[in-house]
Amino acid sequence: MHALSAVLFSLFLLAPVSAQGWLGVYLGATDEGAVVTEGVPDSPAARAGIEAQDVLLAIGDTETPTAEAVVAAIGSREAGDRVRIRLRRGERTRTVAVKL
(Lines give C-alpha, C1' and ligand atoms only; values in the text may rest on other atoms or scores of the structure.)
Protein backbone atom coordinates (compact mmCIF):
# COMPACT_ATOMS: atom_id res chain seq x y z
CA MET A 1 0.00 0.00 0.00
CA HIS A 2 1.35 3.42 -0.86
CA ALA A 3 2.02 5.87 1.97
CA LEU A 4 -0.65 8.28 0.72
CA SER A 5 -3.22 5.51 0.56
CA ALA A 6 -2.39 4.51 4.14
CA VAL A 7 -2.91 8.09 5.29
CA LEU A 8 -6.23 8.39 3.47
CA PHE A 9 -7.48 5.09 4.91
CA SER A 10 -6.43 6.21 8.38
CA LEU A 11 -8.17 9.55 8.04
CA PHE A 12 -11.33 7.86 6.84
CA LEU A 13 -11.34 5.45 9.75
CA LEU A 14 -10.43 8.14 12.28
CA ALA A 15 -12.78 10.99 11.45
CA PRO A 16 -16.52 10.53 11.24
CA VAL A 17 -18.14 12.22 8.25
CA SER A 18 -21.75 13.25 8.83
CA ALA A 19 -23.62 10.15 10.03
CA GLN A 20 -21.13 7.68 8.58
CA GLY A 21 -19.76 4.97 10.84
CA TRP A 22 -16.17 5.14 12.04
CA LEU A 23 -13.90 2.73 13.86
CA GLY A 24 -10.89 4.77 15.04
CA VAL A 25 -7.86 2.79 13.93
CA TYR A 26 -4.80 3.17 11.74
CA LEU A 27 -4.34 0.20 9.43
CA GLY A 28 -1.38 -1.44 7.80
CA ALA A 29 -1.15 -4.40 5.46
CA THR A 30 0.37 -7.80 6.15
CA ASP A 31 0.20 -11.14 4.41
CA GLU A 32 -2.53 -12.00 6.90
CA GLY A 33 -4.70 -8.99 6.02
CA ALA A 34 -5.47 -5.57 7.46
CA VAL A 35 -3.60 -5.10 10.73
CA VAL A 36 -4.31 -2.41 13.31
CA THR A 37 -1.12 -0.39 13.73
CA GLU A 38 -2.57 2.08 16.25
CA GLY A 39 -5.89 2.84 17.86
CA VAL A 40 -7.46 6.15 18.81
CA PRO A 41 -8.26 6.55 22.54
CA ASP A 42 -11.98 6.64 23.36
CA SER A 43 -12.92 5.48 19.85
CA PRO A 44 -15.41 2.72 19.00
CA ALA A 45 -12.45 0.37 18.45
CA ALA A 46 -10.91 1.25 21.84
CA ARG A 47 -14.22 0.77 23.63
CA ALA A 48 -14.59 -2.67 21.99
CA GLY A 49 -11.08 -3.71 23.07
CA ILE A 50 -9.47 -3.72 19.61
CA GLU A 51 -5.70 -3.37 20.00
CA ALA A 52 -2.60 -2.68 17.92
CA GLN A 53 -1.46 -5.79 16.04
CA ASP A 54 -5.01 -7.19 15.80
CA VAL A 55 -5.73 -8.48 12.28
CA LEU A 56 -9.27 -7.60 11.18
CA LEU A 57 -10.75 -10.65 9.43
CA ALA A 58 -14.40 -9.68 8.95
CA ILE A 59 -16.82 -6.83 9.57
CA GLY A 60 -20.25 -8.35 10.06
CA ASP A 61 -20.59 -11.03 7.37
CA THR A 62 -18.09 -9.31 5.06
CA GLU A 63 -14.58 -10.78 4.88
CA THR A 64 -11.93 -8.04 5.07
CA PRO A 65 -8.66 -9.33 3.60
CA THR A 66 -7.35 -5.79 2.90
CA ALA A 67 -7.43 -2.32 4.42
CA GLU A 68 -9.61 -1.25 1.48
CA ALA A 69 -12.15 -3.91 2.40
CA VAL A 70 -12.23 -2.68 6.01
CA VAL A 71 -12.78 0.91 4.84
CA ALA A 72 -15.61 -0.17 2.53
CA ALA A 73 -17.29 -2.29 5.20
CA ILE A 74 -17.15 0.42 7.88
CA GLY A 75 -18.03 3.20 5.43
CA SER A 76 -21.20 1.41 4.36
CA ARG A 77 -22.59 1.68 7.88
CA GLU A 78 -23.95 4.61 9.85
CA ALA A 79 -22.81 6.11 13.13
CA GLY A 80 -24.46 4.24 15.97
CA ASP A 81 -24.75 0.96 14.06
CA ARG A 82 -23.70 -2.12 15.98
CA VAL A 83 -21.48 -4.59 14.15
CA ARG A 84 -19.50 -7.68 15.01
CA ILE A 85 -15.82 -7.67 14.07
CA ARG A 86 -13.93 -10.94 13.79
CA LEU A 87 -10.23 -10.51 14.48
CA ARG A 88 -7.07 -12.48 15.14
CA ARG A 89 -4.90 -11.59 18.10
CA GLY A 90 -1.78 -13.71 18.14
CA GLU A 91 -2.91 -17.30 17.60
CA ARG A 92 -6.50 -16.73 18.78
CA THR A 93 -9.52 -15.65 16.78
CA ARG A 94 -12.29 -13.78 18.54
CA THR A 95 -15.34 -11.67 17.75
CA VAL A 96 -16.03 -8.30 19.37
CA ALA A 97 -19.17 -6.17 19.25
CA VAL A 98 -18.61 -2.56 18.21
CA LYS A 99 -20.96 0.41 18.24
CA LEU A 100 -19.76 2.65 15.41
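**Thr64 and the strands around β3**

Biologist: Is Thr64 buried or exposed?
Modeller: In this predicted model, the relative accessibility of Thr64 is 2%. The cut-off for a buried residue is under 20% relative accessible area. Because 2% falls under that cut-off, Thr64 counts as buried.

Biologist: Where in the chain does Thr64 lie?
Modeller: Strand β4 covers residues 62–63, and helix α3 covers residues 67–75. Thr64 belongs to neither of these elements, and its place is the loop between β4 and α3.

Biologist: Which residue offers its backbone oxygen to the side chain of Thr64?
Modeller: Leaving aside residues up to four places away in sequence, Thr64 touches several residues, among them Ala34, Ile59, Ala69, Val70 and Ala73. Leu56, Leu57 and Ala58 are also on that list. At 3.1 Å, the backbone oxygen reached by the side chain of Thr64 is that of Leu56.

Biologist: How many of the residues of β3 are buried?
Modeller: Strand β3 spans residues 55–59, and Leu56, which Thr64 touches, lies within that range. The strand is mostly covered, and the count of its buried residues is five of five.

Biologist: Which residue of β5 is the bridge partner of Val55?
Modeller: β3 pairs with β2 in the antiparallel sense over two bridges, and there Val55 is the bridge partner of Val35. β3 is also joined to strand β5, residues 82–89, by four bridges, again running antiparallel. In that second pairing, the partner of Val55 is Arg88.

Biologist: Which residue takes a positive phi in the hairpin of β3 and β4?
Modeller: β3 and β4 pair in the antiparallel sense over two bridges, with Ile59 standing as the bridge partner of Thr62. Two residues lie between the strands of this hairpin. The one with a positive phi, near 60 degrees, is Gly60.

Biologist: How many residues form the hairpin connection from β1 to β2?
Modeller: Strand β1, residues 25–30, and strand β2, residues 33–39, run antiparallel and are joined by six bridges. Thr30 in this pairing stands opposite Gly33. The hairpin passes from β1 to β2 through a connection whose length in residues is two.

Biologist: Is Asp42, which has a positive phi, buried or exposed?
Modeller: Asp42 is not a glycine, yet its phi is positive at about 60 degrees. Asp42 sits in the loop between β2 and α2, the latter spanning residues 44–48. The relative accessibility of Asp42 is 61%, and because the exposed class begins over 50%, Asp42 counts as exposed.

Biologist: What is the relative accessible area of Gln53?
Modeller: Gln53 lies in the loop between α2 and β3. Although Gln53 is not a glycine, it has a positive phi of about 80 degrees. Gln53 is exposed, and its relative accessible area is 56%.

Biologist: What pattern do the helices and strands follow along the sequence?
Modeller: The secondary structure of the protein chain comprises three helices and six strands. Read along the sequence, these elements follow the pattern α-β-β-α-β-β-α-β-β.

Biologist: What percentage of the residues of the protein chain count as buried?
Modeller: The accessible surface of the protein chain comes to about 5600 Å², with 52% of it belonging to carbon and sulfur atoms. Among contacts between residues at least 6 apart in sequence, 43% join residues at least 24 apart. Of the 100 residues of the protein chain, the share that counts as buried is 41%.

How values were computed:
Residues are numbered from 1 along each chain as its sequence is written. This is a predicted model: local features need pLDDT of at least 70, side-chain atom pairs count only at pLDDT 80 or more; totals for chains, interfaces and linings use all residues. Side-chain values use heavy atoms; hydrogens and water are left out. Buried means under 20% relative accessible area, exposed over 50%, partly exposed in between (1.4 Å probe, protein chains only). Contact means heavy atoms within 4.5 Å. Accessible areas come from the Shrake-Rupley method with a 1.4 Å probe; for residues, only the protein chains shown count as cover. Two strands pair if DSSP finds at least two bridges between them. A polar contact is a pair of N or O atoms within 3.5 Å; within protein, one must be able to donate a hydrogen and the other to accept it, and residues adjacent in sequence count only if both atoms are side-chain atoms.
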